[in-house]
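Please look through the sequence and the three-dimensional structure shown here before reading on. The report below describes the surroundings of a bound ligand and then turns to one site elsewhere in the chain.

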Amino acid sequence: MITSPLFVSTACIIVAGLGLAIRITRKKSSLPYPPGPRQLPIVGNAFDIDPKQPHLTYAEWGKAYGEIVYSRTFGQDIVIVNSEKMARILAEKRSTIYSDRPRSPLYKLFGADHMTAVLEYGDKWKIQRKLLHLSLRHDTVGRYQELHLRSARQLLENIQRDSKNFYDHLDLYTLSIALEFTYGRRMDGKNDPIISMANSLAESMTKGLTAERAGLLMALPILKYVPSWFPGAAFQDEARRCRSTMESFSDIPFSMAKEQAESGVLQPSFVSDILQQGEAEESVARETATGIYIAAGETTSSTLKTLVLAMILNPEIQDRVHAELDTVIGKGVLPTFEDRERLPYLQAVLLEIMRWHPVAPLGAPHATTTSDVVEGYYIPEGAIVIFNTWAMVNNEYNDPERFDPTRHLTADGQLKPDAMQDNSKYFGFGRRICPGRFFANDSLWAAAAVILSAFRFEKAKDSSGNEIEINPVFHHGALSYPSSFQCSITSRVGTECERR
Ligand code: HEM
């Protein structure tokens with residue numbers, strides 16, 4: 001591991017000299033940095049942050065120092081923004097300054113440097129965003145509602161057949177949608193070779209592209225040349241494997257889609273949109289396509305896992321969802337997108353899921369392209385800027401830990417007019433905001449509507465019939481989702497649901 005103690009301590013010694021030199025030479029303003037925790041020489045605040053739950057450390061700092069906090073790790077400036085209002089001022093009103101990404105050599109090492117989500121703010125990123133916009137705009141995503149619904153019905157069948165592995169079925173749901181959306185190819189279950197390749201890529205990237213590694217390589221880019229036999233540098237082998245899977249994954253599904261397009265049978269998809277409109281060079285289309293799957297898959301399935309957990313922990317809320325579904329469309333009838341407007345409580349539950357446990361509690365880090373002054377404080381060029389969604393949901397709502405969908409409803413049970421807009425913060429800020437947010441909202445809705453129509457989710461029981469308590473534990477990496485838990489899934493309507 002790149003983060004092994006020996007490796008880190010060697011890195012620290014080398015960073016010591018460099019960090020000091022950077023510190024002495026870099027600051028060019030007499031203005032103060034924003035307030036923040038005291039820093040140790042060289043390592044700065046590196047050891048103050050809970051590596052497993054950094055959002056909790058940042059939220060504490062927010063309480064102590066206010067809506068903008070300054071910290072430093074190994075010479076790298078880090079600014080944490082704890083309020084939605086300030087996040088919007090910086091990311092939206094000063095978007096030319098706050099739309100870059102941290103430039104860590106780790107991404108190139110793992111073959112991921114072409115993905116939209118890590119590209120620096122520049123022409124390449126702008127072209128990719130334009131391509132994504134073609135298929136993911138608010139007014140074009142409706143084309144994919146049939147895909148979401150068909151996949152949600154497959155999800156229902158998979159859970160009916162094998163309820164124990166509902167986590168895997170939720171993963172497969174979002175993965176197969178992401179791949180069909182991108183390449184127009186219907187996936188053939190979890191044994192589909194493209195699904196297996198995508199899974200292996202996702203695993204290598206989740207393990208390999210951690211924030212601590214990215215930070216360490218930013219502070220000390222020379223580490224990328226350390227040979228794999230050096231103690232603690234086994235990441236070089238991981239990186240090589242990841243690069244090779246990434247190459248195959250970029251190439252194989254794209255070539256298949258291109259062949260289908262040439263023979264006129266390619267379904268509407270991101271790739272078909274680009275090939276038809278001739279909007280970009282093939283290599284750019286190929287690179288953009290690879291990044292979609294990585295950005296789309298786990299974010300959506302993690303949110304659905306949180307939904308199942310919340311329904312089990314709040315049975316009275318699940319009852320209310322069932323009552324709404326039964327009244328509006330009838331028990332045993334599967335919903336379609338035409339029913340969506342008439343199901344405000346279900347929509348409010350989904351909004352509350354994203355608020356209660358945001359899947360990306362710290363969003364994705366932005367970076368500054370030039371220095372800036374905010375409320376009299378100096379923000380350096382190249383600073384990592386973290387928009388701390390976790391602090392926003394905990395500071396800006398009453399009784400934030402309570403799961404309460406009515407926050408998003410008016411007194412007469414309709415969605416508040418700004419409810420969907422309010423939800424946009426869970427998809428990031430400014431020019432970097434998630435381009436897949438409309439698509440994701442459709443995906444979440446289809447799965448939630450279909451599985452909640454068909455099933456009741458409850459605590460599992462032991463052999464004596466006693467409920468097994470769930471002590472929710474959330475996994476926190478780049479994404480936050482509940483660690484797997486046992487549950488009982490029973491059909492509300494017998495084995496068959498009526499389809500329309
Ligand atoms: C519940 C589901 C999802 C959540 C919560 C989510 C959240 C996010 C967040 C927080 C960011 C970073 C925004 C920022 O830097 O300010 C992001 C970026 C991104 N997302 Fe999503 N996302 C979801 C689903 C999707 C889907 C379905 C797609 C594609 C179909 C997608 C594609 C992307 C891409 C390409 C980026 C990188 C944007 C850039 O750097 O310019 N996401 N997402």
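What follows is a short report on a predicted model, beginning with the ligand and its surroundings.

**The shell around the ligand**

The ligand is surrounded by 27 residues, and the closest of these are Arg101, Trp125, His366, Arg432 and Cys434. Sorted by class, this shell has 17 nonpolar residues, together with seven polar and three charged ones. In the cases listed in the table, a polar atom of a side chain is paired with an oxygen atom of the ligand.

| Residue | Partner | Distance |
|---|---|---|
| Arg101, polar side-chain atom | oxygen atom of the ligand | 2.8 Å |
| Trp125, N or O atom in the side chain | oxygen atom of the ligand | 2.8 Å |
| His366, polar side-chain atom | oxygen atom of the ligand | 2.7 Å |

The elements that contribute two or more residues to the shell around the ligand are helix 6 (123-136), helix 13 (282-313) and helix 18 (437-454). Helix 13 gives the most, with six residues in the shell.

**Cysteine 434 and the iron atom**

Which residue is the only protein donor of the iron atom of the ligand? That donor is Cys434, through its SG atom, which lies at 2.3 Å from the iron atom. Cys434 sits in the loop between helix 17 (419-422) and helix 18, and the UniProt record, an unreviewed entry, places the annotation "binding site" on Cys434.

Is cysteine 434 buried, partly exposed or exposed? Its relative accessible area is 27%, and because buried means under 20% and exposed means over 50%, cysteine 434 counts as partly exposed.

**Lysine 190, in another loop**

Lysine 190 is also found in a loop, which lies between helix 8 (166-183) and helix 9 (193-208). The relative accessible area of lysine 190 is 57%, and because this value is over 50%, lysine 190 is classed as exposed. When its neighbours within four places in sequence are left aside, lysine 190 is in contact with Leu172, Ile195 and Ser196.

How far apart in space, C-alpha to C-alpha, are lysine 190 and serine 272? The distance between the two is 24 Å, while along the sequence lysine 190 and serine 272 are 82 residues apart.

Definitions and conventions:
Residues are numbered from 1 along each chain as its sequence is written. This is a predicted model: local features need pLDDT of at least 70, side-chain atom pairs count only at pLDDT 80 or more; totals for chains, interfaces and linings use all residues. Side-chain values use heavy atoms; hydrogens and water are left out. A residue is near a molecule or strand if one of its heavy atoms lies within 4 Å of it. A polar contact is a pair of N or O atoms within 3.5 Å; within protein, one must be able to donate a hydrogen and the other to accept it, and residues adjacent in sequence count only if both atoms are side-chain atoms. Helices (H or I, at least four residues) and strands (E, at least two) are DSSP runs, numbered from the N terminus. Ala, Val, Leu, Ile, Met, Phe, Trp, Tyr, Cys and Pro count as nonpolar, Asp, Glu, Lys and Arg as charged, and the others, Gly among them, as polar. UniProt positions are given in the numbering used here, feature names are shortened, and annotations may be inferred rather than shown by experiment. Buried means under 20% relative accessible area, exposed over 50%, partly exposed in between (1.4 Å probe, protein chains only). Donors are N, O and S atoms within 2.8 Å of the metal (3.2 Å for Na, K and Ca); water is not among the atoms, so sites may look incomplete. Contact means heavy atoms within 4.5 Å.
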